[in-house]
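Colleague: Could you pick one part of this model and take me through it slowly, residue by residue? I'd like one connected story rather than a list.

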Amino acid sequence: MNIIICGLKGTGKTSLCKEIEKEYGFNYINDYTICDDFLNKYSLLSFIENRDNYCIDLHYSLSPKKLSKLKNCIVYVLGFASVNQNTLFELFSENGETVTLKQVKRKIKLSLKFKKQCEKYDVNFIDINRDRKEIMLEILNQIKAEIKN
């Protein structure tokens with residue numbers, strides 16, 4: 001079984017993946033460490049389907065439609081679907097990231113698109129609209145329940 005955490009920069013996917021690695025012993029990998037040589041010969045889907053016991057940290061590299069077709073995977077897509085753009089802008093600024101309001105609007109727009117697709121293809125979408133630690137704990141508990149099954 002693999003766990004896929006997919007989301008935009010700033011959604012907390014890397015922190016969540018590292019916690020899953022620590023808590024459940026999954027091997028952590030992100031889409032930057034999956035080498036270009038492999039991806040030139042095979043698809044990202046093929047890479048994922050030929051691994052086991054990995055927690056894979058992806059940006060919006062795969063559509064919810066493709067994510068829904070993965071076998072033996074728990075998938076969560078993280079996004080900013082209901083966050084006020086000014087709040088999100090302040091959050092990035094507080095974390096020392098330089099973003100424009102235009103970039104923040106794009107993140108929200110892309111999140112809304114992915115949320116709609118997740119609903120269509122029955123993929124877990126988590127809106128990062130409140131305390132991240134609280135959200136992380138909820139996801140970890142959901143994963144714990146799914147692993148037991």
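**Around strand S1 and helix H1**

Modeller: Let's come in from the outside: Asn72 has a relative accessibility of 53%, so it counts as exposed, the cut-off being over 50%. Keep in mind that this is a predicted model. Asn72 sits in the loop that joins helix H4 (64–68) to S4. Its backbone deserves a look too, since phi is positive at about 60 degrees although the residue is not a glycine. As a rule, most residues other than glycine have a negative phi.

Asn53 is another case of this kind. Phi there is near 65 degrees, again a positive value in a residue other than glycine. Asn53 belongs to the loop between helix H3 (44–49) and S3, and with 30% relative accessible area it is partly exposed.

What ties these two loop residues together is Asn2, which has both Asn53 and Asn72 among its contacts. Asn2 lies in strand S1. Is Asn2 buried or exposed? Its relative accessibility is 2%, so it counts as buried. Its side chain reaches the backbone nitrogen of Asn53 at 3.2 Å. Beyond its neighbours within four places in sequence, Asn2 also touches Phe26, Ile48, Arg51, Asp52, Tyr54, Cys73 and Ile74.

Now move along to Ile5. Setting aside neighbours within four places in sequence, Ile5 contacts Lys13, Leu16, Cys17 and Ile20, among others. Those four are the very residues that are buried in H1. The contact list of Ile5 also includes Cys55, Ile56, Asp57 and Leu58, and then Tyr76 and Leu78.

That brings us to H1 itself. The helix covers residues 13–24, which makes 12 residues, and from first C-alpha to last it reaches 16 Å, close to the 16 Å expected at 1.5 Å a residue. Why do its buried residues line one face? Looking down the axis of H1, you find them within an arc of 100 degrees, so they share one face of the helix. What does that buried set pack against? The partners are strand S1 (2–7), strand S2 (27–30), strand S3 (54–58), strand S4 (73–79) and helix H7 (132–148). Just past the end of H1, Gly25 takes a positive phi of about 75 degrees.

Ile5 and Ile20 turn up again in the largest nonpolar core, which has 48 residues. Together with Ile4, Ile48 and Val77, they touch the most other members of that core. S4 gives the most to it, with six residues. Ile48, for its part, is also one of the contacts of Asn2.

H1 has a charged pair as well. The side chains of Lys22 and Glu19 meet in a salt bridge, at 3.9 Å from N to O. The two are three residues apart in H1, so about one helical turn separates them. Lys22 is exposed, at 64% relative accessibility, whereas Glu19 is partly exposed, with 22%. In general, side chains of opposite charge can pair when their charged atoms come close.

For comparison, the whole structure holds three salt bridges. What links Arg130, Glu134 and Glu138? They form a network of salt bridges. In it, the closest N and O atoms of Arg130 and Glu134 are 2.9 Å apart, and for Arg130 and Glu138 the distance is 3.0 Å. These three residues are partly exposed: Arg130 has 37% relative accessible area, Glu134 has 39% and Glu138 has 33%.

So, going from outside to inside, you start at the exposed Asn72, pass to the buried Asn2 in contact with it, and follow S1, one of the strands that the buried residues of H1 pack against.

Key. Residues are numbered from 1 along each chain as its sequence is written. This is a predicted model: local features need pLDDT of at least 70, side-chain atom pairs count only at pLDDT 80 or more; totals for chains, interfaces and linings use all residues. Side-chain values use heavy atoms; hydrogens and water are left out. The expected span of a helix is 1.5 Å times one less than its number of residues. Buried means under 20% relative accessible area, exposed over 50%, partly exposed in between (1.4 Å probe, protein chains only). The arc is that of the directions from the helix axis to the C-beta atoms. Contact means heavy atoms within 4.5 Å. A nonpolar core is a set of buried Ala, Val, Leu, Ile, Met, Phe, Trp, Tyr and Cys residues joined through side-chain atoms within 4.5 Å. A salt bridge is a side-chain nitrogen of Lys or Arg within 4 Å of a carboxyl oxygen of Asp or Glu. A polar contact is a pair of N or O atoms within 3.5 Å; within protein, one must be able to donate a hydrogen and the other to accept it, and residues adjacent in sequence count only if both atoms are side-chain atoms.
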